[in-house]
Amino acid sequence: MSPADPAFGQEPEEHWGVLGEADKATPVKPERGNYAEFYRLLGEALREGTEPPVDPSDAVTVLDIIRHAHQVQRGYASHLVSRADLTAHHLAPGPRDQLAIHNPGEGWVSLPHLIDALATEFAELGGQLVTGAGRCPVEAERENGRVSGVRSENGRSWHGDAVVVACGSDTPAVVAELGVYIPDGSVPSMLVIAEPARAEARSVLNTPRVAMRPNPGETFAIDHSWYEDRIVEHEDGTWSIDEATVNELVGEASALLDDAEPLIPASWKLGRKPIPGDGQPVFGELATVPGCHVAFTHSGATLGLIAGELTTHEVLTGDRHPLLAEFRPERYSPTHRGEV
Ligand SMILES: Cc1cc2nc3c(=O)[nH]c(=O)nc-3n(C[C@H](O)[C@H](O)[C@H](O)COP(=O)(O)OP(=O)(O)OC[C@H]3O[C@@H](n4cnc5c(N)ncnc54)[C@H](O)[C@@H]3O)c2cc1C
């Protein structure tokens, strides 16, 4: 349609949105659009630095509203909060009157603390924990493919009826040696811990430029994904990132806090964040290697306890727990996908 057409910018009635509750929704005639004027003003803004016709941050707000609607639709506790609510949470409201999503049910688990507590309990119950054993391939019996244990790089073996492969982003490589395919979507990542701060914010914040959570010792754990391509993996297996990026990320976190001294990075750890290829957790016994179970997820903190419980149930009873039905490793096998 030509911009000179009298119908240009008009929406046909069948495309109008509806407003209201399910049985009381009424169609709303949209304002007439004017793309020609929009692009004229946009060109002017780009060339001459005048105000853009639409604030680009509106697009971010719209995405947040869609994300919020998705969460509510799935029954996830989600609230859109305003500038005033942010101030009540001791968070700086930012330069514009933007909305934010508050998920009151979200918390933060400090994995080192959780692991210490679980390891202590495990030892008290008579478990033996071996650390620093290096790469430990899984061993299976030749005749029937059943798992028989693991062997460390220095030749030490542990025999057992069951093995749980929970090797993080190396899980796909470990099971590949057993002829099992699990796609890998793991990405480079960095987690920064800030120096202790007097900031009073106690919420988990997921914002477009930073995710931050209160961490034990009055500190904050901070991360995001925008700097992924600045993380370098070296040939010797070590990782690095320029310190300016660490400071930039922590600066973004400081900007969210109301009236607080700027946060200072205390430490940062780099490595691959384990993510299965389809983004969904992988839990369960390998169909072709009886006795070998897998636990591979990017939500190890959130799911660790329940996943541990369900995996233990399956190892001890041999039953397949219905809660794991959608997450089984065989969903990737060619027969399951109907390719054979
Ligand atoms: C920046 C960042 C943010 C995160 N945010 C969240 C979050 O918001 N919510 C959440 O729930 N989780 C989060 N996580 C957790 C994370 O994504 C994982 O889910 C969690 O670390 C998985 O724990 P894991 O024990 O399975 O694997 P890992 O912690 O990766 O541990 C695997 C271990 O296996 C060892 N290993 C590897 N290969 C072998 C082998 N062949 N033989 C023997 N040992 C081997 C490795 O050395 C390692 O010690 C985050 C992680 C990062 C890095």
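Which residue takes a positive phi in the hairpin of strand 11 and strand 12? The residue is Gly217, with a phi near 80°, and the hairpin has three residues between its strands. The model described here is predicted. Its protein chain has seven helices and 17 strands. The radius of gyration is 26 Å, well over the 20 Å that the globule rule gives for 340 residues, so the chain is more spread out than a compact globule.

**Overall dimensions and packing**

- Taken along the principal axes, the C-alpha atoms of the protein chain fill a box of roughly 80 × 55 × 45 Å.
- Buried residues make up 19% of the 340 residues of the protein chain.
- Among contacts in the protein chain with a separation of 6 or more, 55% are between residues 24 or more positions apart.

**The hairpins of strands 10, 11 and 12**

- Strand 10 (residues 205-206) pairs with strand 11 (residues 211-215) in the antiparallel sense, over two bridges.
- These two strands, 10 and 11, form a hairpin with four residues between them.
- Leu205 has Met212 of strand 11 as its bridge partner.
- Strand 11 also pairs with strand 12 (residues 219-223), again in the antiparallel sense, and five bridges join strand 11 and strand 12.
- Met212 has a bridge partner in strand 12 as well, namely Ile222.

**The open sheet 5-6-7**

- Three strands make up an open sheet in the order 5-6-7, and the pairing is antiparallel.
- Strand 5 (138-140) and strand 7 (157-159) stand at the edges with a single partner strand each, so one side of each has no neighbour in the sheet.
- From one strand to the next, the twist of this sheet averages 30°.
- Three bridges connect strand 5 with strand 6 (residues 147-151), which pair in the antiparallel sense.
- Within the pairing of these strands, Glu139 stands opposite Gly149 of strand 6.

**The open sheet 8-17-16**

- A further open sheet of three strands has the order 8-17-16, with mixed pairing.
- Strand 8 and strand 16 are the edge strands, and each pairs on one side only.
- The twist of this sheet averages 20° from one strand to the next.
- Strand 8 and strand 17 run parallel and are joined by three bridges.
- The bridge partner of Val164 in strand 17 is His293.

**Nonpolar cores**

- In soluble globular proteins, nonpolar side chains tend to be buried together.
- The largest nonpolar core has 22 residues, of which Val138, Val165, Val175, Phe283, Cys292 and Val294 touch the most other members.
- At least two residues of this core come from each of strand 5, strand 6, strand 8 (163-165), helix 5 (171-176), strand 16 (282-285), strand 17 (292-296) and helix 7 (300-317).
- Strand 17 gives the most to this core, supplying four residues.
- Leaving out residues up to four places away in sequence, Val165 touches Val138, Thr171, Val174, Val175, Cys292 and Val294.
- A second, separate core has 18 residues, including Met190, Val192, Ala199 and Ile222.
- Ile222 of this second core is also the bridge partner of Met212 in the pairing of strand 11 and strand 12.

**Helix 1**

- Helix 1 (residues 35-48) has 14 residues and reaches 19 Å from its first C-alpha to its last, close to the 20 Å expected at 1.5 Å a residue.
- The helix is hardly covered, as the count of buried residues among its 14 residues is zero.
- Gly49, just after helix 1, takes a positive phi of about 75°.

**The surroundings of His102**

- His102 belongs to strand 4 (residues 100-102).
- His102 counts as buried because 20 C-beta neighbours lie inside 10 Å, and 20 or more is the cut-off for that class.
- Apart from neighbours within four places in sequence, His102 is in contact with His79, Val81 and Ser203.
- His102 and Val204 are 102 residues apart in sequence, while their C-alpha atoms are 8.3 Å apart in space.

Note on methods: Residues numbered from 1 in each chain as written. Predicted model: local features only at pLDDT ≥ 70, side-chain atom pairs only at ≥ 80, totals over all residues. Pairing = 2+ DSSP bridges. Axes fitted to C-alpha atoms, helices over the stretch in contact; angles between N-to-C directions. Expected span 1.5 Å × (residues − 1). Buried ≥ 20, exposed ≤ 12 C-beta atoms within 10 Å, placed from the backbone. Core = buried A, V, L, I, M, F, W, Y, C linked by C-beta atoms within 7 Å. Contact = placed C-beta atoms within 7 Å. Rg over C-alpha atoms; globule rule 2.2 N^0.38 Å.
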